[in-house]
Amino acid sequence: MDFRSKTIAVLEDEDDIRELIEDALHKAGFITFGFSKGEDFLRFLGETKPDLLILDLLLPDGDGLDICKYVRTNPSTMNLPILIVTARGAEEDRVLGLELGADDYLVKPFSLRELVARVKALLRRPTYRQEGVWVKDLLYVDFKGFEAFVGGKRVDLTPTEFRILQILVSRKGWVFSRSQLLDRLWGTDKAVSERTIDVHVKNLREKLGEAGKFIKSVRGVGYKLQED
């Protein structure tokens, strides 16, 4: 795979570490954009869509986990691969980062060679090279156009229904708990209950018709998209 046209956005507040990361990525053929503050990083994401994000968690103006959550709840960025690099290596930190949507987690100090290898591995994942995903030649989810089609016919979905479908189809077979779906859809808004997810999924299944069978309930946990 040719990585020369791939762009990586790096959010790391320590200048020396950020420069080392960017230098290693440049040598591997990547184009990079470096940031030391979350505010500047988010402004950049509002204007440009890179191919992959590298996030530090300890930032001078916020928490990298909040940025990870924001990326995963924003329709225009929710499918970007995220690699977290941080000194926070406790198991609970790693688990929380992955639950909030990070695709990989690298603890400092780390090998730059390993970092580049992990970046390449994430970019090789088919989900991130596609503008849409087919499910059994019946259901097509168009990430770029924010549309879904069943048997070639467009399905009229609400923004929330589409985002739920997009989350599920982006990781086929992966079980998302109701709380994870809530976090990705509405962040920390406590006014929204887990029951809301069930209502949206019920409506989504009905609208998908025959393709609704691909959305499976996992009792006591949440939902997954599984090809029969």
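I began at Leu 139 and, leaving aside its neighbours within four places in sequence, found it in contact (heavy atoms within 4.5 Å) with Val 133, Trp 134, Phe 149, Val 150, Leu 165, Leu 208, Ala 211 and Phe 214. I note that this is a predicted model, in which local features need pLDDT of at least 70 and side-chain atom pairs count only at pLDDT 80 or more, while totals for chains, interfaces and linings use all residues. Residues are numbered from 1 along each chain as its sequence is written, and side-chain values use heavy atoms, with hydrogens and water left out.

I then looked up the largest nonpolar core (buried Ala, Val, Leu, Ile, Met, Phe, Trp, Tyr and Cys joined through side-chain atoms within 4.5 Å, buried being under 20% relative accessible area with a 1.4 Å probe, protein chains only), and it has 31 residues, with Leu 139, Leu 165, Leu 208, Ile 215 and Leu 225 among those with the most contacts inside it. Helix α6 (helices being DSSP runs of H or I, at least four residues, numbered from the N terminus) gives the most to this core, with six residues. I also recorded a second, separate core of 20 residues, which includes Ala 9, Leu 53, Ile 82 and Tyr 105.

Turning to helix packing, I found α7 and α8 at an angle of about 85°, with axes (lines fitted to C-alpha atoms over the stretch in contact, angles running from 0 to 180 degrees between N-to-C directions) 9 Å apart. That makes α7 roughly perpendicular to α8, the term covering 65 to 115 degrees.

Terms used:
Buried < 20%, exposed > 50% of the residue type's maximum accessible area, 1.4 Å probe, protein only. Helix = DSSP H or I, 4+ residues; strand = E, 2+ residues; numbered from the N terminus. Parallel < 35°, antiparallel > 145°, perpendicular 65-115°, else oblique.
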